[in-house]
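I set out to record what I looked up in this structure, entry by entry. The notes follow the order in which I consulted it.

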Amino acid sequence: LARALRTTRLRIFITSRPETSIHLNFRAIPEICYYDLILHDVSRATVDNDISIFFKHHLGIIREKCSLPAGWPNEQTITRLVQSAGGLFIWAATACRFIYDGDGLFGQERLLDILEGDSSTTEPEEELNSIYIKVLENSVNPRLKPQEKERYFEMLRETLGAIVLLFS
């Protein structure tokens, strides 16, 4: 339908992983203007600024949902979170989801839990591992009975075990 339009110009922004088949198919369409942007070439300062904006927006949503004070979180906290993210948006998104899932009762505690430790000497991948561990540690509902927890852990071990085996 878009190809039939002759008087209206459309701009469509599409992003994807650098898959060869996708790259070649876009190059094969003569009517499009195609630009390659390699994210690893974007300056760290630009990425950190974008992650800071991401945190401010999503933590603002959490602040409203949980009726937290207007100054929450402060600028220093945002800066520490950006440093911990290590340039990885997946870390920032996981952290926000983890805090949000804590509802009004545990959101602040979860934020403090994320901020524990010194991220200045930690590699971004290690930071990503640590946030996933925190999420997993807090994923078990505390209201489960002991036998329900044991069954839950058994199911988790089976699932994660299968993933690890497939990966290796």
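Entry on salt bridges. I took a salt bridge to be a side-chain nitrogen of Lys or Arg within 4 Å of a carboxyl oxygen of Asp or Glu. On that basis I found five salt bridges in the structure. I note at the outset that the model is predicted.

I looked up D48 and R44 and found a salt bridge between them, with the closest N and O atoms 3.0 Å apart. Both belong to helix α2, and because they are four residues apart, about one helical turn separates them. R44 is partly exposed, at 43% relative accessibility.

I then turned to E75 and K56, whose side chains form a salt bridge at 3.3 Å, N to O. What does this pair tie together? E75 lies in helix α3 and K56 in helix α2, so the bridge connects parts that are 19 residues apart in sequence. E75 is partly exposed, with a relative accessible area of 48%, and K56 is partly exposed as well, with 41%.

A further salt bridge joins the side chains of E150 and R157, at 3.3 Å from N to O. I asked whether R157 is buried or exposed. R157 has a relative accessible area of 51% and is therefore exposed, since exposed begins over 50%. E150, with 44%, is partly exposed.

Entry on the overall fold. I counted seven helices and zero strands in the protein chain. Read from the N terminus, the elements run α-α-α-α-α-α-α. The chain has 168 residues, of which buried residues make up 23%. I also checked contacts between residues at least 6 apart in sequence, and 60% of them join residues at least 24 apart.

Entry on the core. In soluble globular proteins, nonpolar side chains tend to be buried together. I therefore looked for the largest nonpolar core, which has 23 residues. F55, L59, L81, W91 and I114 have the most contacts inside this core. Helices α2 (44–65), α3 (75–85), α4 (89–100), α5 (103–115) and α6 (124–137) each supply at least two of its residues. Helix α4 gives the most, with six residues.

I examined I114 separately. Leaving aside neighbours within four places in sequence, I114 is in contact with L81, W91, A95, F98, I99, I131 and K134.

Entry on aromatic rings. My search of the whole structure gave four aromatic pairs. One of them is F54 with F55, edge-to-face, at 6.4 Å centre to centre and 70° between the planes. F55 is buried, with a relative accessible area of 0%. F54 also pairs edge-to-face with F89, at 6.0 Å centre to centre and 90° between the planes. This pair links distant parts of the chain, as F54 is in helix α2 and F89 in helix α4, 35 residues apart. F89 is partly exposed, at 37% relative accessibility. I noted finally that ring pairs link F54, F55, F89 and W91 into a cluster.

Entry on the surface. I recorded an exposed area of about 13100 Å² for the protein chain, with carbon and sulfur atoms supplying 57% of it. Which residues make a nonpolar surface patch of about 250 Å²? I found L136, L160 and I163 there. I163 belongs to helix α7 (residues 146–167) and, at 49% relative accessibility, counts as partly exposed.

Methods:
Residues are numbered from 1 along each chain as its sequence is written. This is a predicted model: local features need pLDDT of at least 70, side-chain atom pairs count only at pLDDT 80 or more; totals for chains, interfaces and linings use all residues. Side-chain values use heavy atoms; hydrogens and water are left out. A nonpolar core is a set of buried Ala, Val, Leu, Ile, Met, Phe, Trp, Tyr and Cys residues joined through side-chain atoms within 4.5 Å. Buried means under 20% relative accessible area, exposed over 50%, partly exposed in between (1.4 Å probe, protein chains only). Contact means heavy atoms within 4.5 Å. Accessible areas come from the Shrake-Rupley method with a 1.4 Å probe; for residues, only the protein chains shown count as cover. Patches are made of residues with over 30% relative accessible area and no salt bridge: like charges are joined within 9 Å, nonpolar side chains (Val, Leu, Ile, Met, Phe, Trp, Tyr) within 5 Å. Rings of Phe, Tyr and Trp (its six-membered ring) pair if their centres lie within 6.5 Å; planes under 30 degrees apart count as stacked, over 60 as edge-to-face and the rest as tilted.
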